[in-house]
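Student: I should like a close look at a single part of this model, namely the way its helices pack against one another. Please take me through it residue by residue.

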Amino acid sequence: MSPRPARAGSLLEQIDALTRSADALAGVAPAAAVEEARHVLERTDRRRALSAEHTVVGFFGATGSGKSSLVNAVVGEEVTRAAVRRPTTSQPVAAVLGDAGSEELLDWLGVSDRRHLAADGPLAVTLAALEQQSRTGRRARRRADDATAAPESTSGLIMLDLPDLDSVEAANRAIAERMTGMVDVLVWVTDPQKYADAVLHQEFVRRFAGHDAVTVLVLNQIDRIRPVERDDVIASLTALSRRDGLASAPVLAVSAHTGEGIDDLRGYLGEIARSREAIAARQRADVAGAAATLRESADPTGMSDRIRSTDVDTLVADLGVAARVEPVAKAVGASYRFRAAGRVGWPPLRWVRRFRPDPLARWNIGQERDGEDLARTSLPEPDAAVRARASGGVRTFADAASAGGSDPWRSAVRRAARMRQEELPDALDRAVAGADLRARRRAWWWPVMDVLQWLAMLTWVVGLGWLALNAALNAAAIPPPPMPMIEDLWIPIPLPVALIVLGLAAGLLLTVAGSAIAAAAGAWMRRRARRLLLERVRSVGQELVVDPVQTTLTAAADAARDLALAEGKRAKSGV
Ligand SMILES: Nc1nc2c(ncn2[C@@H]2O[C@H](COP(=O)(O)OP(=O)(O)O)[C@@H](O)[C@H]2O)c(=O)[nH]1
Ligand SMILES: [Mg+2]
């Protein structure tokens with residue numbers, strides 16, 4: 001984030017944040033929620049492209065509450081028909097103050113019935129007075145800059161007399177409902193008989209609780225109740241609106257017939273039009289509402305955006321089983337001992353080895369070669385248990401990484417973890433096949449032992465030959481040369497016998513020592529192979545499982561921040 005972020009909660013910042021959130025939650029949240037957010041963004045965008053001078057005020061209410069009468073009363077002329085008999089207004093009627101720029105806005109609103117108000121009507125006069133007042137106020141505040149102040153454009157106002165929210169005609173209701181989403185200011189009109197009507201409160205007022213700042217409650221036909229009852233009714237409607245979630249929307253008691261309270265209503269709407277803050281306030285509420293809906297459908301908070309290394313270790317262990325790391329490492333140790341035996345074993349018995357294959361060669365592992373990526377092992381296909389261990393490991397990892405998250409995000413993390421699961425068996429096999437396990441390399445001490453073994457053998461072979469020659473000469477009745485004796489021992493021993501004993505003993509000793517060294521070195525080779533293989537398995541797991549999960553966790557953290565921004569809250573740092 002930049003060191004000086006945009007003004008906290010600026011509308012543009014909120015809009016951008018919601019745009020990013022909608023993108024991040026696409027495919028995570030239910031499509032309808034994302035769709036709604038996109039719809040709000042599109043509408044906001046369209047409204048922003050249209051007249052910012054005009055504030056659009058919609059009069060909503062049940063049949064006969066007096067919407068049409070009120071519009072007429074506020075503008076001071078009969079622009080729309082109030083009627084005792086039903087059906088009445090079926091199309092919206094617009095009373096327009098300030099013509100410039102209003103046409104496109106009305107086109108977008110879909111209102112074709114437009115009545116342009118005279119510049120000397122009561123609404124125009126009220127608005128002009130409010131603007132004059134605010135200009136003087138501002139001028140007093142910045143005396144010096146006065147001369148350079150740019151002339152200000154006058155504010156406009158569009159009042160919409162709308163079809164009844166409870167109209168028997170579905171098409172009329174639809175128009176009114178659609179308009180609740182498009183106007184800048186919502187005026188809920190009711191009367192002393194119907195102000196507590198559950199439909200109005202539950203289906204409309206409450207749904208727009210977030211639009212508190214651009215909502216007005218009008219209690220019309222106040223002339224129909226006795227003055228002593230008025231305060232109670234007003235208090236009751238105020239209490240209802242607070243229960244609906246409106247914290248500050250005013251409740252104005254008026255009478256379209258007697259004109260009581262109409263000046264206040266006109267002044268209130270005039271001030272909203274003058275300040276021109278309603279458009280942005282409405283959009284702020286829309287964006288915040290859409291963000292809240294997104295959050296409800298897929299809350300991105302609760303998960304850590306960092307993966308614990310112990311979870312990765314567990315995954316690597318599971319993948320290691322699937323990659324058959326342990327049997328391969330074991331075979332590396334065995335292969336080492338096998339090949340060592342060929343060089344350091346007792347020479348007369350080395351041939352026995354030929355009946356056993358090298359434990360590694362049959363799996364096509366550890367052959368040092370170029371293009372290792374293409375190399376495959378010929379390990380047998382992993383069985384069901386091994387495959388289950390791999391996919392179970394991936395699932396366990398996803399669940400651990402997404403702990404604390406909401407269900408949609410947890411499934412998103414699981415999907416990310418599994419996204420490349422099909423590539424896993426191949427990649428793991430290549431990782432094993434391509435590992436440099438030094439399986440062909442010979443140890444320096446093998447030839448040393450080899451020479452010693454042959455020397456030992458030579459010793460007893462010479463002794464044996466000597467004795468045989470002696471025996472042959474005896475048999476041929478040729479006197480053999482005198483037999484040299486070793487006299488120092490407790491009985492004198494002929495030299496060839498001593499050679500045989502020495503040679504055999506040395507051979508035995510060398511064999512025992514050789515296989516002990518080979519066993520120790522083989523164990524070391526096995527551990528080294530396991531470590532090397534697990535490292536390679538780790539990088540496969542990192543690429544195919546951990547990285548996609550990390551991407552999703554990061555997206556969730558970003559979305560959490562963006563949703564908070566879009567809702568008009570500052571994200572907690574470190575979320
Ligand atoms: N007594 C009284 N009657 C009203 C008032 N406002 C409207 N009416 C009457 O209520 C009926 C319905 O009014 P209308 O403006 O057509 O209501 P809409 O259906 O909401 O547009 C008409 O007969 C009006 O004359 C009011 O303030 N006091
Ligand atoms: Mg009407």
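Tutor: In this predicted model, the α11 side of the contact with α17 consists of V312, D313, L315, V316, L319 and G320, which meet L534, V537, R538, G541, V545 and V546 in α17. By class, the residues of this contact divide into 8 nonpolar, 2 polar and 2 charged. The two axes come within 9 Å and cross at roughly 110°. With angles of 65 to 115 degrees counted as roughly perpendicular, α11 and α17 are therefore roughly perpendicular to each other. The crossing in which α11 passes α17 is right-handed.

Helix α11, residues 309–322, also packs with helix α13, residues 384–401. Here the axes come within 8 Å and the crossing angle is roughly 170°. Because angles over 145 degrees count as roughly antiparallel, α11 and α13 are described as roughly antiparallel to each other. On α11 the contact is made by D311, V312, L315, D318, L319, V321 and A322. On α13 the partners are V386, R389, A390, G393, V394, F397, A400 and A401. These residues divide into 11 nonpolar, 1 polar and 3 charged. V312, L315 and L319 of α11 thus appear in the contact with α13 and also in the contact with α17.

Helix α17, residues 495–566, has a further packing arrangement with helix α15, residues 424–433. Their axes lie 9 Å apart, at an angle of about 150°, which makes α15 roughly antiparallel to α17. The contact draws on L424, A427, L428, R430, A431 and V432 of α15, and on L533, R536, V537, V540, L544 and V545 of α17. Its residues comprise 10 nonpolar, no polar and 2 charged. As for handedness, α15 passes α17 in a right-handed crossing. On α17, V537 and V545 take part in this contact with α15, and both are also among the residues that meet α11.

Taken together, α11 is roughly antiparallel to α13 and roughly perpendicular to α17, while α17 in turn has α15 packed against it in a roughly antiparallel manner.

Technical notes. Residues are numbered from 1 along each chain as its sequence is written. Chains are lettered from A and ligands numbered from 1 in the order in which they are written. This is a predicted model: local features need pLDDT of at least 70, side-chain atom pairs count only at pLDDT 80 or more; totals for chains, interfaces and linings use all residues. Side-chain values use heavy atoms; hydrogens and water are left out. Axes are lines fitted to C-alpha atoms, for helices over the stretch in contact, and angles run from 0 to 180 degrees between N-to-C directions. Helices (H or I, at least four residues) and strands (E, at least two) are DSSP runs, numbered from the N terminus. Angles under 35 degrees count as roughly parallel, over 145 as roughly antiparallel, 65 to 115 as roughly perpendicular and the rest as oblique. A crossing is left-handed if the near helix is turned anticlockwise from the far one by less than a right angle, and right-handed if clockwise. Contact means heavy atoms within 4.5 Å. Ala, Val, Leu, Ile, Met, Phe, Trp, Tyr, Cys and Pro count as nonpolar, Asp, Glu, Lys and Arg as charged, and the others, Gly among them, as polar.
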